[in-house]
Structures are given as structure tokens and as C-alpha cells.
Amino acid sequence: MGFLQSTNTAADKNLYPLAPFLKELLPKIKDNKLDRKYFPKSKVDGSPLTNWIRGPQFLEDERYNYEYQKINKFLVKHKGEILLFLEMGVGRITPMFIQEPFWAMTQYIKNSFYININPKDATTNPAI
């Protein structure tokens, strides 16, 4: 939730940090509304920006690959140590991106544990 991306990922592969937009937009909110003219737009082609979260338009770019490599390097570096997979508020909308990989790693990595903190969708794979 810390980044925005263009809705036109074919033209704009940039990620935009959310914080500067919030700082600029919050004072412009009047009566709990923000005029559409202030909505963030791509610097490349003017397309609307949206949250950088999993969905049909999710941008798998340089930043995504960097983060993916970070977790893989972490797992290799700490192989054989006690690992805790802590899932906080993920829910069941897209379990294949966080929840199910955590379950699989917990099941197959020796000395690993899984905790799910979610008051609504606290689900755990029975195998672990």
C-alpha cells in the first residue's frame, strides 16, 4: 500500500510513492470528498494511478523482482534456523500470493512456524 502504479502498465512501468500524494491531497479534501481533478495521474501518459496491489493490472516490475529476490536470499541465508512466518490481516481474497506460500514453506522448511493474525479470516492449513 506504499506505492501507486499506472492503470496503463504497458506505457508506464513506474512506481510512485504514496506518501507525497497523501501530503498534497489531504488538505484538498472538503466535506469528505476529493475533486476528481486532483486524483493522481501517471507522469508518462496521464493514466489514473491505482494502488500497487495484486490485481488484474498488477505491475511486476524491477521493484517487484527486487523484493522477490530479497525474500529468497533471506530464506537461503537463514536456512536451518528457526523461522516464523507472520501473516497479518491477509484474508482469503488472494490466498495464493501470501497465505498459501507461507503454508507451504512452513510445511516443508524444518524449524519453521506460522502465525495468522486476522480477526475475520484466521485460517490455517491443517497439514501444519
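1. The strand pair β4 and β5. In β5, Tyr 114 is the bridge partner of Phe 85. This note concerns a predicted model, and the pairing of Phe 85 with Tyr 114 offers a convenient point of entry. Strands β4 and β5 run parallel and are joined by 6 bridges. In general terms, the strands of a sheet pair through backbone hydrogen bonds, in either a parallel or an antiparallel manner.

2. The two faces of β5. Strand β5 comprises residues 112–117, and its side chains alternate along the strand. Ser 112, Tyr 114 and Asn 116 point to one face and are buried. Phe 113, Ile 115 and Ile 117 point to the other face and are not buried. Tyr 114, the bridge partner of Phe 85, therefore belongs to the buried face, given that buried means under 20% relative accessible area.

3. The largest nonpolar core. Which residues make up the largest nonpolar core? This core has 7 residues, namely Leu 75, Leu 83, Phe 85, Phe 102, Trp 103, Met 105 and Tyr 114. Strand β4 (83–88) and helix α3 (99–108) each supply at least two residues of this core. Helix α3 gives the most, with 3 residues. Both bridge partners discussed above, Phe 85 and Tyr 114, are members of the core.

4. Met 105 and Phe 85 within the core. Leaving aside residues up to four places away in sequence, Met 105 touches Leu 75, Phe 85 and Ser 112. Among these contacts, Leu 75 and Phe 85 are themselves listed in the core, while Ser 112 is one of the buried residues of β5. Phe 85 has a relative accessibility of 6% and so counts as buried, the limit being under 20%.

5. Aromatic pairs. The model contains 5 aromatic pairs. A pair of aromatic rings is described by the distance of the centres and the angle of the planes. For Phe 3 and Trp 52, the ring centres are 5.8 Å apart and the planes stand at 85°, so this pair is edge-to-face. Phe 3 lies in strand β1 and Trp 52 in the loop between β3 and α2 (62–77); the two residues are 49 residues apart, and the pair links distant parts of the chain. Trp 52 has a relative accessibility of 15% and counts as buried. The rings of Phe 85 and Phe 102 have their centres 5.1 Å apart and their planes at 50°, so this pair is tilted. Distant parts of the chain are linked here as well, with Phe 85 in strand β4 and Phe 102 in helix α3, 17 residues apart.

6. The three-stranded sheet. In what order do the strands of the open sheet of 3 strands stand? The order is β2-β1-β3, with antiparallel pairing. Strands β2 (15–17) and β3 (49–51) stand at the edges and have a single partner strand each, so one side of each is left without a neighbour in the sheet. On average, and with direction ignored, neighbouring strands are turned by 40° against each other. Strand β1 (residues 3–6) is joined to β3 by 3 bridges, and the two run antiparallel. Within this arrangement, Leu 4 stands opposite Asn 51 in β3.

7. Helix α1 and the sheet. Helix α1 (residues 18–25) lies across β1, β2 and β3. Its direction is at about 50° to β2.

8. Salt bridges. The count comes to 3 salt bridges. Lys 28 forms one with Glu 24, the closest N and O atoms being 3.6 Å apart. Both residues are partly exposed, Lys 28 with a relative accessible area of 28% and Glu 24 with 46%.

9. The network in helix α2. Arg 63 forms a salt bridge with Glu 67, with 2.9 Å between the closest N and O atoms. These two residues lie in helix α2, 4 residues apart, about one turn of the helix. Glu 67 also meets Lys 70 in a salt bridge (3.1 Å, N to O), and this pair, 3 residues apart, lies in helix α2 too. Which residues do salt bridges with shared partners join into one network? They are Arg 63, Glu 67 and Lys 70. Arg 63 is partly exposed at 34% relative accessible area, Glu 67 counts as partly exposed at 26%, and Lys 70 counts as partly exposed at 40%.

Technical notes:
Residues numbered from 1 in each chain as written. Predicted model: local features only at pLDDT ≥ 70, side-chain atom pairs only at ≥ 80, totals over all residues. Heavy atoms only, no water. Core = buried A, V, L, I, M, F, W, Y, C linked by side-chain atoms within 4.5 Å. Buried < 20%, exposed > 50% of the residue type's maximum accessible area, 1.4 Å probe, protein only. Contact = heavy atoms within 4.5 Å. Pairing = 2+ DSSP bridges. Axes fitted to C-alpha atoms, helices over the stretch in contact; angles between N-to-C directions. Phe/Tyr/Trp six-rings, centres within 6.5 Å; stacked < 30°, edge-to-face > 60°. Salt bridge = Lys/Arg side-chain N within 4 Å of Asp/Glu carboxyl O.
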